[in-house]
Amino acid sequence: MISIEFILDTLVLTVLFAIVTLSLNLKYGYTGLLDFGKAAFFATGAYVSGLMTTNGYPPILGILTAIVIAALMGLLISIPAIRVRSDYLAIITLVFSETIRIILKNESWIAGGVLGIRGIPPLIDPRTTPYQMYLLTHLLIALMLYMVFFTVSWLLTNSPFGRILKAIREDEIASAMYGKNNTLVKAFVFSFSCAMAASAGSLYAHYVGFVSPDLFVLAITLQVWIMSIIGGPSTISGSFIGALTVLTIARGTRIIKDYLNLPIDPNNTMFILTGILLIITIMFRPTGLVKEGKIKVV
Amino acid sequence: MLKATNLELRFGGFRVVDRVSFTIRAAKTYALIGPNGSGKTSLFNAITGVYKPQGGKIFFRGKDITSYAPHRVYREGIVRTFQYPKVFYKMTIIDNLIFAARNQVGDNPVSAVFQRGKVKEQERNLKKKALDVLDKIGLTKYAESYPSELSGGQLKLLELGRALMTDPKLLMLDEPAAGINPILATQLFKILRRIRDEENLTIFLIEHRLEIVREFVDWVYVMRSGKIVLEGSPNEVLYDKNFLEIYTGG
Ligand SMILES: Nc1ncnc2c1ncn2[C@@H]1O[C@H](COP(=O)(O)OP(=O)(O)OP(=O)(O)O)[C@@H](O)[C@H]1O
Ligand SMILES: [Mg+2]
């Protein structure tokens with residue numbers, strides 16, 4: 001039986017991943033900047049929130065600090081990253097992500113090493129509220145955050161600024177020749193997109209109650225990439241559709257195993273199905289489920 | 001208006017622009033001609049900041065703009081088109097034009113989100129202006145289309161239109177009529193002449209065929225192997241005894 005709790009839990013994760021996917025869409029889909037370090041910023045948010053709230057600070061302060069720190073980190077790696085060709089950019093972001101993971105894993109004085117941080121308080125006390133209510137509260141908070149980023153991203157991309165993003169993606173020299181400061185724009189996109197991913201990580205930490213260096217693994221970044229590609233990288237709403245599709249497959253395969261006696265591990269069923277869907281998308285709908293639209297300023 | 005002295009651009013020890021000096025005066029039209037690979041586009045690139053020149057100076061309206069990045073060159077009022085059209089294929093034609101306009105409030109991300117009223121108002125005005133330009137270059141019916149629907153000649157016109165959106169003080173055109181049929185080419189120069197005379201533009205253009213621009217330009221610079229080797233009025237250059245030799249590379 002699919003329980004309401006199971007659905008709510010899937011939705012919370014969908015919304016959190018939709019935020020991270022949206023941050024990738026802005027960066028890659030609109031601006032053409034490759035980023036294989038998405039997990040690092042998601043995890044940064046989770047760690048900052050985890051560290052702060054387990055030390056007695058309120059969750060809202062944790063999230064805000066996470067956003068600020070991630071924005072600054074984004075700005076920092078944008079400095080070397082912005083001037084290089086896009087394939088080097090992919091390597092820089094990947095190395096950055098792995099470096100942080102390894103440091104956090106080995107330097108246990110920072111944040112618990114391999115064990116990570118445990119006992120991160122949820123946003124609502126689970127002892128006094130029914131479990132469904134607890135899930136629903138987290139879902140609503142996540143949705144609110146997503147709506148904020150959704151709206152801001154929509155306004156950004158449907159504006160003269162949005163034209164610059166696409167111009168940078170298509171032809172940087174032409175963009176510069178028509179007066180646009182590509183470097184500043186890219187720095188902004190880096191910073192904003194990192195802050196966005198971090199805020200989702202913050203909520204995630206509160207939701208599951210613990211964080212560990214495993215949050216940084218490349219698999220998470222790749223999952224976000226798959227969500228982006230399937231949903232439609234150069235869109236805003238594709239972020240939700242992509243996240244929902246991939247997570248439905250991921251969690252659906254766990255349920256199917258109770259009904260079908262498949263000769264393979266449910267995890268592998270998930271990989272196979274996601275892979276097939278990815279291939280179908282790239283072959284038959286390379287722009288993703290949602291298509292890139294015209295810029296609507298007025 | 002524009003003055004370059006001893007401008008030099010090298011690629012791996014090879015001087016593609018070799019100590020070039022020249023002057024562009026306001027409200028006049030200049031042609032830069034020369035055989036393939038003589039460095040014409042490279043000279044444009046050195047002026048507009050695509051590549052930093054290794055030597056020499058560029059002054060624009062009395063200001064030293066040597067080594068300015070392209071977006072700063074634009075701010076001074078210089079705009080250039082590209083020999084091989086560099087338009088934005090995933091944007092509509094009208095978006096390509098509006099993109100180029102100056103001083104847009106919504107270029108700033110904070111204003112794009114929080115000053116929506118101002119952004120919209122400006123957008124409406126720029127849209128009118130873009131439609132005006134489209135009318136001038138004869139692409140009105142393509143306003144909402146994408147560049148992939150245009151022919152090569154029309155792409156050249158779009159490049160020109162985008163440059164006109166910037167109200168340029170100096171308009172630099174890299175082979176505006178290259179690769180398009182002679183009829184359309186003549187038409188293009190007709191359009192260009194009308195716009196130039198209406199707005200009193202200063203134009204610096206690259207063209208292979210002197211005959212085509214002969215009626216259109218006031219002064220001609222001839223380049224060969226990175227150097228300006230000959231200059232004069234179109235007729236002077238055309239009847240210069242060395243002209244043919246420069247072209248045939250004797
Ligand atoms: N980015 C570059 N790197 C290396 N060499 C270059 C570069 N750009 C141009 N060159 C070389 O500089 C020389 C001049 O090229 P340029 O494009 O300026 O010639 P042009 O006069 O515009 O020719 P055309 O009439 O074919 O457009 C050529 O030998 C070209 O190979
Ligand atoms: Mg050329």
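Start where the two chains meet: chain A and chain B are linked by 5 salt bridges. Keep in mind as you look around that this is a predicted model. One of those bridges is easy to pick out, because Asp107(B) pairs with Lys180(A) at 2.9 Å between their closest N and O atoms, inside the 4 Å cut-off for a salt bridge. Beyond the charged pairs, you can also look for polar contacts, and 13 residue pairs across the interface of chain A and chain B make one, with both partners at pLDDT 80 or more.

Now turn to the chain A side. Three helices of chain A each bring at least two residues to the surface that touches chain B: H6 (131–157), H7 (160–170) and H8 (172–177). Which of chain A's elements gives the most to that side? It's H7(A), with 8 residues. Sort the chain A side by class and you get 17 nonpolar, 5 polar and 9 charged residues.

Step back and take in the whole contact. Chain A puts 31 residues into it, and chain B puts in 37. Together the two chains bury about 3100 Å², and 65% of that is on carbon and sulfur atoms. If you'd like a few residues to zoom in on, try Arg163(A), Met177(A) and Tyr178(A): this trio supplies 27% of the area that chain A buries against chain B, more than any other three residues.

Next stop, ligand 1. There are 14 residues around ligand 1, and those that come nearest are Asn36(B), Lys40(B), Thr41(B), Ser42(B) and Gln83(B). Helix H1 of chain B, residues 40–48, provides the largest share of this shell, with 3 residues. What classes of residue make up the shell around ligand 1? The split is 8 polar, 4 nonpolar and 2 charged.

Look at the oxygen atoms of ligand 1 and some close partners turn up. Asn36(B) has a polar side-chain atom 2.8 Å from one of the ligand's oxygen atoms, and a polar side-chain atom of Gln83(B) also sits 2.8 Å from an oxygen atom of ligand 1. Gly37(B) uses its backbone instead, with an N or O atom 2.9 Å from a ligand oxygen. As for how covered ligand 1 is, on its own it has 630 Å² of accessible area, and the protein covers 65% of that.

Technical notes: Residues numbered from 1 in each chain as written. Chains lettered and ligands numbered in written order. Predicted model: local features only at pLDDT ≥ 70, side-chain atom pairs only at ≥ 80, totals over all residues. Heavy atoms only, no water. Contact = heavy atoms within 4.5 Å. Buried area = accessible area lost by both parts, 1.4 Å probe. Salt bridge = Lys/Arg side-chain N within 4 Å of Asp/Glu carboxyl O. Polar contact = N/O pair within 3.5 Å; in protein donor to acceptor, adjacent residues only side chain to side chain. Helix = DSSP H or I, 4+ residues; strand = E, 2+ residues; numbered from the N terminus. Nonpolar A, V, L, I, M, F, W, Y, C, P; charged D, E, K, R; others polar. Near = heavy atom within 4 Å. Areas by Shrake-Rupley, 256 points an atom, 1.4 Å probe, with all protein chains shown as cover.
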